[in-house]
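Here is a walk through one protein model, with a ligand in it. Keep the 3D view open and click along as you read.

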Amino acid sequence: MEKMIDMTQFSHQERIEMANRALSDPSLGVKNDRFRLHYHFMPPAGWMNDPNGLIQYRGEYHVFYQHDPYGPQQGPMHWGHAKSRDLIRWEHLPVALAPSETYDWVTEGIGGGCWSGSAVDDDGLFTLVYTGHVDGRRPEEVQCLATSTDGIRFEKAAFNPVIEGPPEPDGFGFRDPKVWKRGDCWCMVVGFGKGGFGKALFYRSFNLREWEYVGPAAESDGTMGDMWECPDLFPLGEGDRHVLVISPMNMGETKTMYLSGDFDYETGRLSVEHAERLDYGFDFYAPQTFLDDRGRRLLFGWMNIWGSAMPERGDGWMGALTIPREIQPAEGGKIRMVPVPELRELRGGHHAVKAQQIPEGAEVPLAGIRSEALELIAVFDASASKDAEFGILLRCSEDDSERTEVRYCPASGILSMDRNRSGIGDKGISETSIAPMDDGRIKLHLFLDRSSVELFANDGERTITNRIYPDPSSLGIKLFARSGNASLVSLDIWELKSIR
Ligand code: FRU
């Protein structure tokens, strides 16, 4: 199918029909499933970036996402859509939003469309709030609404845009509205940047249509990037405690951050007490959270990063979401990110590896476990392994040329995921520092899928998320110790079912 240039010659519903036809056109579909994930959410074909509009509506979880249904590249952005009852098995639904109007159309084939945003339940009316982006237009980005009564077919508001541009001139970006309700009042944060400082702008409304700008909820201190994409501000913990999650542009290796402190709804200001990276991997960006009916603050992130090699593009698709995670408050304004318990439904065959000493220099293969989809919980006694550097080798090839190394060094407190020998795709070592838990142990909880590794250390105190692209035959797992002996307390491994 040919790419359309002038979007406005078709109505929104016509554009959606075209997008859905493209998705069922085999010549545009997935050509090779060698990197298709077994239990992570992916687009049926084409391109995906940010999760959008995460919500539980009438008991069902909905995920929308930045989507180009015409091919595995960032093109005219649509909103893909899927729903689930359990956060694990997803049913793909028709494309929800397509570029079609003067405020969200595409003239040059790239750099426009229905950009990121969020979803709310407005007294039963399923409402999407998104950024209309038109490359080169002034203002380039405006905020828009679309609504649905059946949760499938969305109509753009006739009165769009609802915010016609940023509150100040000469800014850099004005996008990714995240909306939530507090009492009778709708609240919104929008990403913005000015003079080299990223900001999250705070707005209020009583009807989702007329918005009052209150002020910046938070802004960079000069070290946190020049534009804050996908801000998400939410209450977490006691009293006025809130967390602001951001995806700062141009902050070096740091791609996501969270800032926590008390939020004042009158002044619209977050008093930041703690600021830190949200995930320490290479492939974690534009995360969004939502509250479910069990009071959980759940999060999905885009499990890729702009500018990376993205080898799956050659196979006709691109992009995945992380596993669903719950955000929980921890001491000192910190947060933890833990896998949701629903993921246990994926567990199949279980292997328990006995407590053992791993001698210095050894690589101990775990015989009989050869799977692309695994969950592992390894507990090491760090206080009894002080001189060592130890960990797990994943996706090892027979000749050992391929392997992904997860290691901990008690002396330095550095936890790393090394993908310099992981296969094709980008290389590099992700690192974070973490102390053993109070009992002197370090706990590594890993989710391995066909082309991804997610690590949750010490019950979600730190996470590392990476894509890897090993050869399909590289399926070995080993434990290792260097520079000293290491003490393994327990290792549980589950083969995970495929939900594709
Ligand atoms: C983040 C982002 C958003 C934007 C969207 C466009 O990855 O750049 O700021 O709305 O992607 O697809």
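The side chains of E454 and R325 are joined by a polar contact of 2.9 Å. This is a predicted model, so treat that distance, like the others below, as a computed value. E454 has a second side-chain partner too: a polar contact of 2.5 Å to the side chain of H40. If you're hunting for E454 in the viewer, look in strand β31.

Is E454 buried or exposed? Its relative accessible area comes out at 0%, so E454 counts as buried. Skipping residues up to four places away in sequence, what does E454 touch? The list is H40, M303, T322, I323, R325, H445, L446, F447, I464 and T465.

Just along from there is N458, in the loop between β31 and β32 (462-467). N458 isn't glycine, yet its phi is positive, near 45°. N458 has a relative accessible area of 1%, so it is buried.

Compare N250, another non-glycine residue with a positive phi, this one near 60°. N250 sits in the loop between β14 (241-249) and β15 (257-264). Its relative accessibility is 59%, so N250 counts as exposed. As background, most residues other than glycine have a negative phi, and most peptide bonds are trans.

On the peptide-bond side, which bonds are cis? One of them runs from R138 to P139, with omega near -10°. P139 belongs to the loop between β6 (125-134) and β7 (141-148). Another cis bond links N160 to P161, with omega near -5°, and P161 lies in the loop between β8 (155-156) and β9.

**The ligand site**

Which residues surround the ligand? They are N49, D50, Q66, M77, W115, S116, R175, D176, E229, Y285 and W306. Sorted by class, that shell holds four nonpolar, three polar and four charged residues. Some of the acids there have a side-chain N or O atom close to a ligand oxygen, with these distances:

| Side chain | Distance to a ligand oxygen atom |
|---|---|
| D50 | 2.7 Å |
| D176 | 2.5 Å |
| E229 | 2.7 Å |

How much of the ligand does the protein cover? On its own the ligand exposes 310 Å², and the protein buries 97% of that. The elements giving two or more residues to the shell are β1 (46-57), β5 (112-122) and β9 (174-182).

**The nonpolar cores**

In soluble globular proteins, nonpolar side chains tend to be buried together. Here the largest nonpolar core has 36 residues, and F380 and L491 touch the most other members. Which elements give two or more residues to this core? They are β25 (374-381), β26 (389-396), β27 (404-409), β28 (414-418), β30 (441-449), β31 (452-457), β33 (476-482) and β34 (486-496).

F380 is a good one to center the view on. Leaving out neighbours within four places in sequence, F380 is in contact with I358, F390, G391, G440, R441, I442, L444, L479, S487, L488 and V489. Apart from the largest core lies another core of 35 residues, including Y65, L321, I323 and A373. I323 should ring a bell, since it is also one of the residues that E454 touches.

**Two more acids in loops**

Now for D315, in the loop between β18 (297-302) and β19 (317-318). At 3% relative accessibility D315 counts as buried. The side chain of D315 makes a polar contact of 2.9 Å with the side chain of R34. Not counting residues up to four places away in sequence, D315 touches G29, V30, K31, N32, R34 and F35.

And E210, buried or exposed? At 53% relative accessibility, E210 counts as exposed, because the cut-off is over 50%. You'll find E210 in the loop between β11 (197-205) and β12 (212-219). Its side chain makes a polar contact with the side chain of N207, at 2.2 Å. Beyond its neighbours within four places in sequence, E210 is in contact with R204 and S205. One more distance to check in the viewer: the C-alpha atoms of E210 and V162 are separated by 6.6 Å, though these residues are 48 residues apart along the chain.

How values were computed:
Residues are numbered from 1 along each chain as its sequence is written. This is a predicted model: local features need pLDDT of at least 70, side-chain atom pairs count only at pLDDT 80 or more; totals for chains, interfaces and linings use all residues. Side-chain values use heavy atoms; hydrogens and water are left out. A residue is near a molecule or strand if one of its heavy atoms lies within 4 Å of it. A polar contact is a pair of N or O atoms within 3.5 Å; within protein, one must be able to donate a hydrogen and the other to accept it, and residues adjacent in sequence count only if both atoms are side-chain atoms. Accessible areas come from the Shrake-Rupley method with a 1.4 Å probe; for residues, only the protein chains shown count as cover. Helices (H or I, at least four residues) and strands (E, at least two) are DSSP runs, numbered from the N terminus. Ala, Val, Leu, Ile, Met, Phe, Trp, Tyr, Cys and Pro count as nonpolar, Asp, Glu, Lys and Arg as charged, and the others, Gly among them, as polar. A nonpolar core is a set of buried Ala, Val, Leu, Ile, Met, Phe, Trp, Tyr and Cys residues joined through side-chain atoms within 4.5 Å. Buried means under 20% relative accessible area, exposed over 50%, partly exposed in between (1.4 Å probe, protein chains only). Contact means heavy atoms within 4.5 Å.
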